[in-house]
Amino acid sequence: MSGRGLTFRRGGTHPPENKELCDAASYTVLPTPAELVVAMSQHLGAPAKTIVHNRDEVEAGQLIGEASAFISANIHAPAKGTVKGLDIVHIGPVNSPAVTIKTDPAVPPVPEYDREAQPLDLSGWTKDEILARIKETGIVGMGGATFPTHVKLSPPPGAELDVLVINGAECEPYLTADDCLMRNHPVQVLEGTRVIMQACGIDRAVIGIEDNKPEAFQTLKAAAAGLGGIEIVRCRTRYPQGAEKQLIEATVGRKVAPGNLPFTVGVVVQNVATTAAVYEALATGQPLTRRLISITGRGVARPQNVMVPVGTSVAELLEYCGGPKDGLAAVVMGGPMMGRATSDINEPTAKGTSGVLFLTKDELIVAEEDPCLRCGRCVSDCPMGLVPTELMSLAMLGRFEEATDALDCVECGTCAFVCPSNRRLVQWIRLAKWELGRIRRRAQLKQKETEAKAAKS
Ligand code: SF4
Ligand code: SF4
């Protein structure tokens, strides 16, 4: 802890914030687009199984994709309309089955969150009922990780949870959608927090907010007065404070060991947007079909926070926000540190899309990669205590089995941001992680085959 607010100890950086571009005081609501492309794979785990057919009529909130595995999530129609096609859509590197819905022209915009939201009476809800509702409504982590929430709230037997940490850090530059949500809808955030506490049998929650969001901090603090067990804490602005392990250290002072998950230190973490979605699921049965997104950057005419139905194209958002400005050079899904560039203006938004950035050339770091200077900055600033330059070298040499530390990388991009030689550190580390996953899956398959053979003989 420090007099200037709580924070994590190791590494981290301060990229230019650029949050002033996108006003967090209010948001607008997008008129429902004529067409929505709803991907079946917008969460971590197996894609949902499409359960509608071409030319089917669908209602807003109707289940159109069913969770197909333990780690998977339901998908619902964001608006009333007709199924126009069952296609494959590219969401970054993932090719996902998708349902294209031609929306009913008379359909109103998806509703904003209820400004008259009331506290919930949770006395009639059991833990299993809450988890079943969260599963039914297709809620996934909306901070970007998109892990199905009902799975995350069901730690392995023996795990003892005693603190819920709610992530209101929003440490990614440019993005202000979580700030906007906390300022405008404190009831949803706080009541969703209470729901999750009840589902996990936890009586303490800590909501961590960085000190560059004073209005959100004050709003939640005032709204939480009298609510037992919920603490609002101010964190010192520092990237990547919103990464789970860093936020746990900052807010409750516990360290999650490399390779371990938060439940090993008795903590579960949820993002504020997920928490609001959980409130809606219990209060009204509303599935996760819309969210607040920051449409921002110097390459768009009118940056703003917008309530957007899932499946809206980037092109539609650009037009709604006044079109491109001179010098637009790149579109990024998510924030500038952890997001990914897209070259497809028709890419649809998903449950995990917290921002769409329209960046000009001046906002991009487009520089030649130079040889490593051995300056050590990537090492000293890595919040996970890794040696990024070594992991990159191993990945370049294809020596993935020796790069197992890469599995602890949270892909925050700090190393690449601070590197004076513009080394493509995260890209190579990401490749190493992917290859290590492939090696592990292959070994598991081999093990299963060996066991099956042994069982037969
Ligand atoms: S190695 Fe991974 S965790 Fe460390 S700074 Fe780079 S991206 Fe972040
Ligand atoms: S920051 Fe860049 S130049 Fe410095 S050691 Fe790391 S990779 Fe090399």
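1. Helix 10 and helix 12 lie oblique to each other in this predicted model, since their axes cross at roughly 60 degrees, an angle that falls outside the 65 to 115 degrees counted as roughly perpendicular. The two axes come within 8 Å, and helix 10 passes helix 12 in a left-handed crossing.

2. On the helix 10 side, this contact is made by P388, T389, L391, M392, A395 and M396, and on the helix 12 side by L425, W428, I429 and A432. When the residues of this contact are divided by character, nine are nonpolar and one is polar, with no charged residue taking part. An α-helix has 3.6 residues a turn, so residues three or four places apart point the same way; with that in mind, the reader may wish to look again at L425, W428, I429 and A432, the residues that helix 12 brings to the contact.

3. Helix 12 itself covers residues 425–456, and the expected span for its 32 residues, at 1.5 Å a residue, is 46 Å. The C-alpha atoms at its ends are 47 Å apart, which agrees with that expectation.

4. Which residues of helix 12 are buried? They are L425, V426, I429, A432, K433, E435, L436 and G437, and these buried residues pack against helix 9 (377–381), helix 10 (388–396) and helix 11 (414–418). L425, I429 and A432 are among the buried residues of helix 12, and they are also among the residues that meet helix 10.

5. A second helix pair deserves a separate comment: the axes of helix 4 (residues 186–200) and helix 7 (residues 272–284) come within 7 Å and cross at roughly 80 degrees. Because angles of 65 to 115 degrees count as roughly perpendicular, helix 4 is roughly perpendicular to helix 7.

6. In this pair, helix 4 contributes Q188, V189, E191, G192, T193, V195 and I196, which meet V272, T275, A276, V278, Y279 and L282 of helix 7. The residues of the contact between helix 4 and helix 7 comprise eight nonpolar, four polar and one charged.

7. Finally, a single position may be checked in helix 1 (residues 127–136), where E136 is found. Is E136 buried, exposed or partly exposed? With a relative accessible area of 48%, E136 is partly exposed. Leaving aside residues up to four places away in sequence, E136 touches N74 and H76, while the C-alpha atoms of E136 and H150, which are 14 residues apart along the chain, are separated by 9.2 Å.

Definitions and conventions. Residues numbered from 1 in each chain as written. Chains lettered and ligands numbered in written order. Predicted model: local features only at pLDDT ≥ 70, side-chain atom pairs only at ≥ 80, totals over all residues. Heavy atoms only, no water. Helix = DSSP H or I, 4+ residues; strand = E, 2+ residues; numbered from the N terminus. Expected span 1.5 Å × (residues − 1). Buried < 20%, exposed > 50% of the residue type's maximum accessible area, 1.4 Å probe, protein only. Contact = heavy atoms within 4.5 Å. Axes fitted to C-alpha atoms, helices over the stretch in contact; angles between N-to-C directions. Parallel < 35°, antiparallel > 145°, perpendicular 65-115°, else oblique. Left-handed = near helix turned anticlockwise from the far one by under 90°. Nonpolar A, V, L, I, M, F, W, Y, C, P; charged D, E, K, R; others polar.
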